[in-house]
Structures are given as C-alpha cells and as structure tokens.
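Here is a short briefing on one chain. Take a look at the model before reading the points below.

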Amino acid sequence: MADDKPQDTEEARDWLAQVAVEPSELLDSTGCAVSNTQRLGDAANMILSEASDWGANSIFLGARGLGPVKRFFIGSVSSTVAAKAACSVEVIRQAE
C-alpha cells in the first residue's frame, strides 16, 4: 500500500497543473471563481484546511472507487472530507 503514496516531483506537479487546465477553464467560463493549489500531505486534511482557509460553502470531490478492503485499510478521502467538513460536500462518481 505504500506504493499508492504520491511522490512530490516536478513531473508530478506539472502533470497536476495540466490536468486542472480544462476543468478550470470550463468553470471560469461560467463565472465561477477558480484557483488551483497543490499541497503535499494527507489529501483529506489538505482539502479540509484549504476549504477552511477559503471559507468555502461547498466542496466537490471525485470518487476514486476504491474497493471495500482497500477503503477499510487506507480510508476514503471523500468519506473523511464529507464527515469532517464544515460545509456541504458533493462526491462525484464516475459513470459506469
């Protein structure tokens, strides 16, 4: 399971920036305020901290679709955020 941990490399940061371009442009075109931040650390805690810093009134997350065994051992970011957030949380699942 340690292999699932992301590595903080320049290549990884560049990839993340590229992945965010299209959704950011789409949201921006609708008049939504968009910003992208990359933080290294526990994903759920980083999301909760960022939402608190912004004073967010909602958080939208994608679900990775971990199996029940993996979810039991490593937890689910979306579950943790939904349980601990001080605002509304929407979890988006991939269409099957």
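Leaving aside neighbours within four places in sequence, which residues is isoleucine 59 in contact with? The list is Ile47, Ala51, Val81, Ala85, Cys87, Ser88, Val89 and Glu90. The model is predicted. Its mean pLDDT is 82.

**Confidence**

- Residues that reach a pLDDT of 70 or more make up 80% of the chain.
- Confidence peaks in helix H2 (residues 43-54), at a mean of 92.
- Helix H3 (residues 68-74) is where confidence is lowest, at a mean of 58.

**Overall layout**

- The chain holds four helices and two strands.
- Along the sequence, their order is α-α-β-α-α-β.
- The chain has 96 residues, and 15% of them are buried.
- Take the contacts between residues at least 6 apart in sequence: 58% of them join residues at least 24 apart.

**Helix H1**

- H1 covers residues 10-29, a run of 20 residues.
- From first C-alpha to last, H1 reaches 29 Å, close to the expected 28 Å.
- H1 has a kink of about 35° at valine 21.
- Proline 23 comes shortly after that kink.
- Glycine 31 follows H1 and has a positive phi, near 95°.
- Leucine 16 is part of H1.
- With a relative accessible area of 40%, leucine 16 is partly exposed.
- The C-alpha atom of leucine 16 is separated by 9.6 Å from that of asparagine 36, and the two residues are 20 apart along the chain.

**Salt bridges**

- How many salt bridges does the chain have? The count is two.
- One joins arginine 39 to glutamate 50, with the closest N and O atoms 2.8 Å apart.
- This pair links distant parts of the chain: arginine 39 sits in the loop between H1 and H2, and glutamate 50 sits in helix H2, eleven residues apart.
- Arginine 39 also forms a salt bridge with aspartate 53, where the closest N and O atoms are 3.2 Å apart.
- Here too the pair links distant parts of the chain, as the arginine 39 loop and the aspartate 53 site in H2 are 14 residues apart.
- Arg39, Glu50 and Asp53 are thus linked in a network of salt bridges.
- Is glutamate 50 buried or exposed? Glutamate 50 counts as buried because its relative accessible area is 15%, and the cut-off for buried is under 20%.
- Aspartate 53 counts as exposed because its relative accessibility is 55%, and the cut-off for exposed is over 50%.
- Arginine 39 has a relative accessible area of 36%, so it is partly exposed.

**Nonpolar core**

- Which residues make up the largest nonpolar core? There are eight: Ala44, Leu48, Ala51, Ile59, Leu61, Val81, Ala85 and Cys87.
- H2 and strand S1 (58-62) are the elements that give two or more residues to this core.
- H2 supplies the largest share, three residues.
- In soluble globular proteins, nonpolar side chains tend to be buried together.
- Isoleucine 59 belongs to this core.
- Its contacts include the core residues Ala51, Val81, Ala85 and Cys87.
- Isoleucine 59 also touches residues including Ser88, Val89 and Glu90.

**Two serines**

- Serine 88 lies in strand S2 (residues 88-92).
- Its relative accessible area is 49%, so serine 88 is partly exposed.
- Not counting residues up to four places away in sequence, serine 88 touches Asn57, Ser58 and Ile59.
- Serine 88 and alanine 56 are 32 residues apart along the chain, and 8.9 Å separates their C-alpha atoms.
- Serine 78 has its place in helix H4 (residues 77-84).
- Is serine 78 buried or exposed? Serine 78 counts as buried, because its relative accessibility is 13%.
- Beyond residues up to four places away in sequence, serine 78 touches Leu61 and Val91.
- Leu61 is also one of the residues in the largest nonpolar core.

Technical notes: Residues are numbered from 1 along each chain as its sequence is written. Side-chain values use heavy atoms; hydrogens and water are left out. The expected span of a helix is 1.5 Å times one less than its number of residues. The bend at a residue is the angle between axes fitted to the seven residues ending there and the seven starting there. pLDDT is the predictor's confidence in each residue, from 0 to 100. A salt bridge is a side-chain nitrogen of Lys or Arg within 4 Å of a carboxyl oxygen of Asp or Glu. Buried means under 20% relative accessible area, exposed over 50%, partly exposed in between (1.4 Å probe, protein chains only). A nonpolar core is a set of buried Ala, Val, Leu, Ile, Met, Phe, Trp, Tyr and Cys residues joined through side-chain atoms within 4.5 Å. Contact means heavy atoms within 4.5 Å.
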